[in-house]
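Dear colleague,

I am handing over the structure we spoke about, and below it you will find my notes on what turned up. Please read them with the coordinates open beside you.

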Amino acid sequence: MSELHFKDLNVWFGEGADRVDAVKHATFDVPSGASFGLVGESGSGKSTILRALVGLVPTWSGKMSVGGKQLGPKRTREFFKEVQMVFQDPYASLHPRHSVDQVLGETLKLHGFRGIDKRIEKLLADVGLGPAFRFRYPHQLSGGQRQRVAIARALAPEPTVLLLDEPTSALDVSVQAEVLNLLADLREEHKLTYLMVSHDLAVVAHMCEATAVMQNGEIVEMLSVEDMRAMRAKNPYTQHLLESASGYNPSAEQSA
Amino acid sequence: MSEKPLLDIKNLRVTFPTRQGEFEAVRGVSFTLGRERLGIVGESGSGKSMTGRAILRLIRPPGRVEADRLELEGIDLLSLDEKAMQKIRGQRISMVMQDPKFSLNPVMNIGDQIMEIYRFHTGASKKAAYEKATEMLEAVSIRDPERVMRAYPHEMSGGMGQRIMIAMMLVTEPEILIADEPTSALDVSVQTQVLSIIDRLVRERGMGLIFISHDLNLVSAFCDRILIMYAGRIVEVCEAARLNEATHPYTRGLLGSLPRLDEPRKRLSVLQRDADWRETESVSGRQ
Ligand SMILES: Nc1ncnc2c1ncn2[C@@H]1O[C@H](COP(=O)(O)OP(=O)(O)OP(=O)(O)O)[C@@H](O)[C@H]1O
Ligand SMILES: Nc1ncnc2c1ncn2[C@@H]1O[C@H](COP(=O)(O)OP(=O)(O)OP(=O)(O)O)[C@@H](O)[C@H]1O
Ligand SMILES: [Mg+2]
Ligand SMILES: [Mg+2]
């Protein structure tokens, strides 16, 4: 069964000269337990799809469903027990005056967990942050450390669906490897479903069985991981993405 | 390098008091910056951003910046008063922060923000500033610059925020650009465009660039020289094109943890850190 279902999704902002059709006729399915990628141009509507699903954009049409249940305009607390999102911008998504301990503790309390102390320790260890970070505030953390706190917060309610918006773009490669391995383990252990935005095709190919490629609000191509690895793409933009990801060619760019 | 460097930094330290005592985020780094593209790579928390911010004296108290030398073409930056420092920021040294949207003013539209900076530093007319600002947005591959000029930061995508920051920092044509993960949210085609603008400024106008990034392939292809940081120190300095020949086990470990499209594997190898790396003296990046 498909865990996530999008049918003819349109999302827009503003009106008149300022109207932006951020997502146009997006249709795709993510099977339960699968990991699905969204790649594409900056500003092409990737984050908007995730934000619409979690109810952060009121202006949309079409169909969206999670676990067979069709979504209306509002999201309940039960919804967020199932579906969690890691936002693209770890700076904006953490409250500046809440310590790491408060952020995780409050999320756990909200979802009715007990043994909060132990759980906070475990969550921090899972994302590779030592206990020294527990009482820090966001401004006392580096970019990558904040992103790991954001991931820990999303994992806290033990959701079944994780929406990941560029989860590792703020991370260096060694931490990226740790976080990607962690996400892979969690998915296997808890049969999680992932919908993951990334501009890094190597990351998407590593994590996802299939991906949609977006440009200017539209899905221009769907690729399986085999297509990606074999560089089988019909769309020229996709072809360009694949070529650049499979080995950087400095001569193409540098003349000095 | 025979030319005098733009920046000359010796034994730079950044310290924060914390619950657990003093924390040294940067522990004595030395390097120079010429009219070149200098990359800084290293793992999360290794002190890359704090090094960049320290140069502009943007470390918030109670954090402290100390150095035996911190000079911009012979001017001692540590002894300048705040007013003189404000002149340096933006006009002579610009910094694209790692948190683009956070650095933009949330209640002012994007056009006004870029125009204000441009007019402050050049005294240009409103009309000229409007033209310059749209031109800059177009240069960083913004599809609809006219709309974006009227829009507010929260209405921008992650990568658009990064590009707007870059446009804003380059519009004043600074002598030095410190770019902290400037393209981390950009897809390759847009990234190539943005880098080529920066590259042009380095080659044609002799701008000095400090490029902070965790993208090893990118830094290796784009920069001239690379400093590799670990735990607040420089553990290795190498020619960018030769990053693949780097010898420090930390650098090798970083290169080994990259996922690859052409070589699928079940698990990514993770770095095994050695306690000695932290204790070894910093390598100098001075030329
Ligand atoms: N709140 C908003 N108000 C107006 N326009 C918006 C808003 N949020 C997003 N947009 C517009 O919608 C389009 C798609 O944005 P979105 O954030 O989905 O892009 P993205 O594919 O995630 O890009 P990136 O890779 O750069 O993060 C952009 O043109 C953006 O300006
Ligand atoms: N105000 C503060 N108080 C205490 N520690 C701090 C403070 N600000 C930063 N740090 C610490 O300083 C260290 C260096 O931070 P910095 O932001 O320079 O890392 P970075 O190399 O840029 O990492 P990233 O790649 O994750 O952005 C980190 O361990 C961080 O937690
Ligand atoms: Mg986005
Ligand atoms: Mg940083």
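**Strands of chain B**

In strand S5 (residues 69–72) of chain B, Leu70(B) and Leu72(B) make up a covered face, whereas Arg69(B) and Glu71(B) make up an uncovered one. Please keep in mind throughout that this is a predicted model. S5(B) runs antiparallel to S1(B), to which it is joined by four bridges, and Leu72(B), from the covered face, is the bridge partner of Leu7(B). S5(B) is also joined to strand S6 (residues 75–76) of chain B, again in the antiparallel sense, by two bridges, and here Glu71(B), from the uncovered face, stands opposite Asp76(B). S5(B) and S6(B) together form a hairpin with two residues between them, and in the turn Glu73(B) has a positive phi of about 40°.

**The sheet of chain A**

Chain A has an open sheet of four strands, paired in the antiparallel sense and ordered S2-S1-S4-S5. Its edge strands, each of which pairs on one side only, are S2 and strand S5 (69–70) of chain A. Strand S1 (residues 2–13) of chain A and strand S4 (residues 60–66) of chain A are paired antiparallel through six bridges, and one of the residue pairings between them sets Asn10(A) against Ser61(A) in S4(A).

**The site of ligand 1**

Ligand 1 has 21 residues around it, of which Ser42(A), Gly43(A), Thr48(A), Ser157(B) and Gly159(B) come nearest. Because the surrounding residues come from chains A and B, this site is shared between chains. On the chain A side, an N or O atom in the side chain of Ser42(A) is 2.7 Å from an oxygen atom of ligand 1, a polar backbone atom of Gly43(A) is likewise 2.7 Å from an oxygen atom of the ligand, and a polar side-chain atom of Thr48(A) lies 2.5 Å from an oxygen atom of ligand 1. On its own, ligand 1 has 640 Å² of accessible area, and the protein covers 89% of it. The elements that contribute two or more residues to this shell are strand S2 (20–31) and helix H1 (46–53) of chain A, together with helix H7 (158–170) of chain B. By class, the shell around ligand 1 consists of six nonpolar, eleven polar and four charged residues.

**The site of ligand 2**

Around ligand 2 there are 21 residues, and the closest of them are Ser142(A), Gly144(A), Ser44(B), Lys48(B) and Ser49(B). This site, too, is shared between chains, because residues of chains A and B surround ligand 2. An oxygen atom of ligand 2 is 2.8 Å from an N or O atom in the side chain of Ser142(A); from chain B, a polar backbone atom of Gly45(B) is 2.8 Å from an oxygen atom of the ligand, and an N or O atom in the side chain of Ser49(B) is 2.7 Å from an oxygen atom of the ligand. Taken alone, ligand 2 exposes 640 Å², of which the protein buries 95%. Helix H6 (143–155) of chain A gives two or more residues to the shell around ligand 2, as do strand S1 (7–18), strand S2 (21–33) and H1 of chain B. The residues of this shell divide into five nonpolar, 13 polar and three charged.

**The magnesium ions**

What coordinates the magnesium ion that is ligand 3? Ser47(A), through OG, and Gln88(A), through OE1, do so at 2.0 to 2.2 Å. The pair links distant parts of the chain, with Ser47(A) in helix H1 of chain A and Gln88(A), 41 residues apart from it, in the loop between strand S6 (83–86) and helix H3 (90–93) of chain A. Ser47(A) has a relative accessibility of 17% and therefore counts as buried, the limit being under 20%.

For the magnesium ion that is ligand 4, the protein donors are Ser49(B) (OG) and Gln98(B) (OE1), which lie 2.0 to 2.2 Å from the ion. Since Ser49(B) lies in helix H1 (residues 48–55) of chain B and Gln98(B) in the loop between strand S7 (93–96) and helix H3 (100–103) of chain B, the pair ties together parts that are 49 residues apart in sequence. Both Ser49(B) and Gln98(B) are buried, and Ser49(B) is also one of the closest residues to ligand 2.

With best regards

Terms used:
Residues numbered from 1 in each chain as written. Chains lettered and ligands numbered in written order. Predicted model: local features only at pLDDT ≥ 70, side-chain atom pairs only at ≥ 80, totals over all residues. Heavy atoms only, no water. Donors = N, O, S within 2.8 Å, 3.2 Å for Na, K, Ca; no water. Buried < 20%, exposed > 50% of the residue type's maximum accessible area, 1.4 Å probe, protein only. Near = heavy atom within 4 Å. Polar contact = N/O pair within 3.5 Å; in protein donor to acceptor, adjacent residues only side chain to side chain. Areas by Shrake-Rupley, 256 points an atom, 1.4 Å probe, with all protein chains shown as cover. Nonpolar A, V, L, I, M, F, W, Y, C, P; charged D, E, K, R; others polar. Pairing = 2+ DSSP bridges.
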